[in-house]
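Student: I am new to this structure. Please take one part and look at it closely with me.

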Amino acid sequence: MTLSRATHRQGRHLKDIEPITGLYGAFEDIGALQSHVVDSSTQSIAQTTPEIAAGLQTGRFTVTT
C-alpha cells in the first residue's frame with residue numbers, strides 16, 4: 001500500500017521505489033525511538049492528525065539526550 005500510494009504522488013514528491021524502500025529499511029528497527037512511531041498505515045489523515053497533535057501536546061515525541 002505504501003509503495004502504491006507513494007509512486008502515484010503528483011508533482012515533485014518522492015515517488016521512486018528505491019529511495020522509498022531504503023527509507024523503510026532505515027526505519028524498520030529504530031530501537032529506543034519506537035515509542036515515537038505513529039503507524040498510520042491503516043489510518044486516514046483525519047485519524048492520524050489528532051494522534052500526532054496529542055503526541056506533541058504530551059511530549060511523546062520529545063527526544064532527550
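Tutor: What follows is a close look at helix α3 and its surroundings. This is a predicted model, where local features need pLDDT of at least 70, side-chain atom pairs count only at pLDDT 80 or more, and totals for chains, interfaces and linings use all residues. Residues are numbered from 1 along each chain as its sequence is written, and side-chain values use heavy atoms, with hydrogens and water left out.

Start with the whole chain. The protein chain has three helices and zero strands. Read from the N terminus, its elements run α-α-α. Helices here are DSSP runs of H or I with at least four residues, strands are E runs of at least two, and both are numbered from the N terminus. Of the chain's 65 residues, 8% count as buried. Buried means under 20% relative accessible area, exposed means over 50%, and partly exposed lies in between (1.4 Å probe, protein chains only).

Next, confidence. pLDDT is the predictor's confidence in each residue, from 0 to 100. The mean for the protein chain is 84, and 88% of its residues reach 70 or more. Confidence is highest in α3, at a mean of 95, and lowest in helix α1 (residues 2-7), at 69. Where pLDDT is low, the predicted coordinates should not be read in detail.

Now α3 itself. It covers residues 45-58. Does its length fit? The expected span of a helix is 1.5 Å times one less than its number of residues. For the 14 residues of α3 that gives 20 Å, and the end C-alpha atoms are 20 Å apart, so the two agree.Look inside the helix at Thr48, which belongs to α3. Thr48 counts as buried because its relative accessibility is 12%. Contact means heavy atoms within 4.5 Å. Not counting residues up to four places away in sequence, Thr48 touches Val38, Ser40 and Gln43.

Move on to Thr58, also in α3. Thr58 is exposed, at 65% relative accessibility. Its side chain reaches the backbone oxygen of Gly55 at 3.4 Å. That is a polar contact: a pair of N or O atoms within 3.5 Å, where, within protein, one must be able to donate a hydrogen and the other to accept it, and residues adjacent in sequence count only if both atoms are side-chain atoms. After α3 comes Gly59, with a positive phi near 85 degrees.

The structure holds one salt bridge. The term means a side-chain nitrogen of Lys or Arg within 4 Å of a carboxyl oxygen of Asp or Glu. Here Glu51 pairs with Arg60, and the closest N and O atoms are 3.7 Å apart. Glu51 is partly exposed, at 28% relative accessible area. Arg60 is partly exposed too, at 29%.

Arg60 also leads to His36, which sits in the loop between α2 (17-27) and α3. Leaving aside neighbours within four places in sequence, His36 is in contact with Arg60, Phe61, Thr62 and Val63. A polar atom of the His36 side chain lies 3.3 Å from the backbone oxygen of Phe61.
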